[in-house]
Amino acid sequence: MELDVKSKVKGYYGGIASKVAKSSKSSCCSKSSCCGDISASSIIYKGENLNDLPKEAVEASLGCANPVLFAELKEGETVLDLGSGGGINVLMASKHVGSSGKVYGLDMTDEMLQLANKNKEKMGVTNVDFLKGYIEDIPLKDGLVDVIMSNCVINLSDDKEKALSEAYRVLKPGGRLAIADIVTMKPVPSELRVKAGMWCGCLGGTLAVTEYQSILEKVGFKNIQIEAVHIYDKALIQKYFINNEHLAKTVSGIDLDMIDGAFAGAYIKAVK
Ligand SMILES: C[S@@+](CC[C@H](N)C(=O)[O-])C[C@H]1O[C@@H](n2cnc3c(N)ncnc32)[C@H](O)[C@@H]1O
């Protein structure tokens with residue numbers, strides 16, 4: 001790719017975090033103006049109570065499915081969210097694990113960490129810590145975590161095997177992986193994959209289901225299940241990407257027929 005992946009991804013998500021922070025300050029929020037498309041969050045998090053989360057956490061939501069739904073979190077567990085963004089999944093998880101549990105969010109982008117920490121403060125939770133770092137070099141000790149969650153982040157990594165082996169390292173024996181990510185369902189022309197917008201918008205760097213499975217096996221995971229839950233046909237791409245001011249540039253200039261049905265939001269589960 002004609003880019004340094006990490007710096008492009010940081011710039012892209014830093015820009016989104018700044019926009020969300022700014023738009024909430026000037027309180028100009030409405031679906032058609034300066035904020036994110038909240039309706040996408042209400043589809044992804046259908047059935048979850050989002051009303052008790054800070055609205056900036058919901059507006060900065062950039063996930064592709066709801067990992068909290070299948071992470072089966074229990075009171076007292078320690079959870080790590082890889083690529084925590086504005087904190088939506090971390091703050092949701094904090095309610096499930098309660099005051100005897102702990103949720104870490106890990107992100108490399110300063111602006112996202114600032115937004116997440118503000119959201120934590122607004123919600124008044126005490127069992128959450130946002131950490132700065134890379135998912136390919138997790139700043140936590142071996143065997144600390146019961147559950148690794150992540151929402152639409154592994155596809156952004158320039159070294160997915162390293163990221164997943166780091167996830168394995170910090171899990172306790174018997175610990176669970178609950179990742180929502182976008183996967184490739186059919187071949188995608190390589191000239192599309194290398195476009196910076198496609199990569200930053202979570203499409204260019206996606207793995208095929210078989211590739212995901214073999215990396216997870218290679219780093220040691222067992223009981224691997226990968227289930228495509230939302231196929232991105234043209235209508236869904238229109239809804240999630242083109243109608244979303246943050247994500248529209250992901251697919252700008254691309255003939256949608258070429259990627260119709262090529263991607264899907266998936267649930268990825270495994271055990272250490
Ligand atoms: C698509 S957003 C998803 C945010 C959040 N999980 C959500 O559901 O809203 C991707 C996030 O992952 C972070 N990220 C991407 N690559 C990363 C890496 N290699 N290490 C740490 N964070 C990363 C970005 O800074 C961004 O906040």
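1. Let me start with the ligand. Its shell comprises 12 nonpolar, nine polar and two charged residues. Please keep in mind throughout that this is a predicted model.

2. In total, 23 residues surround the ligand, and Gly63, Gly83, Gly85, Thr109 and Asn151 are the closest. Two elements each give two or more residues to this shell: helix 1 (5-25) and helix 5 (88-97).

3. Strand 5 is a good place to look next. The strand spans residues 171-184 and is mostly covered, with 11 of its 14 residues buried. Strand 4 (residues 145-151) runs parallel to strand 5, and six bridges join the two. To find the register, look at serine 150, which stands opposite isoleucine 179 of strand 5.

4. Do follow the connection between these two strands as well. From strand 4 the chain passes through helix 7 (residues 160-170) to reach strand 5, making a right-handed β-α-β crossover.

5. Strand 5 has further partners. With strand 8 (residues 263-271) the pairing is antiparallel and runs over nine bridges; here aspartate 181 stands opposite alanine 266. With strand 6 (residues 207-208) the pairing is parallel and rests on two bridges, and threonine 184 has alanine 208 as its bridge partner.

6. Finally, a word on helix 11 (residues 234-242), where Ile237, Tyr240 and Phe241 are buried. Viewed down the helix axis, the buried residues of helix 11 fall within an arc of 85 degrees, so they line one face of the helix. The general rule is helpful here: an α-helix has 3.6 residues a turn, so residues three or four places apart point the same way.

Terms used
Residues numbered from 1 in each chain as written. Predicted model: local features only at pLDDT ≥ 70, side-chain atom pairs only at ≥ 80, totals over all residues. Near = placed C-beta within 6 Å. Helix = DSSP H or I, 4+ residues; strand = E, 2+ residues; numbered from the N terminus. Nonpolar A, V, L, I, M, F, W, Y, C, P; charged D, E, K, R; others polar. Buried ≥ 20, exposed ≤ 12 C-beta atoms within 10 Å, placed from the backbone. Arc of directions from axis to C-beta. Pairing = 2+ DSSP bridges. Right-handed = clockwise from strand over helix to strand, strands pointing away.
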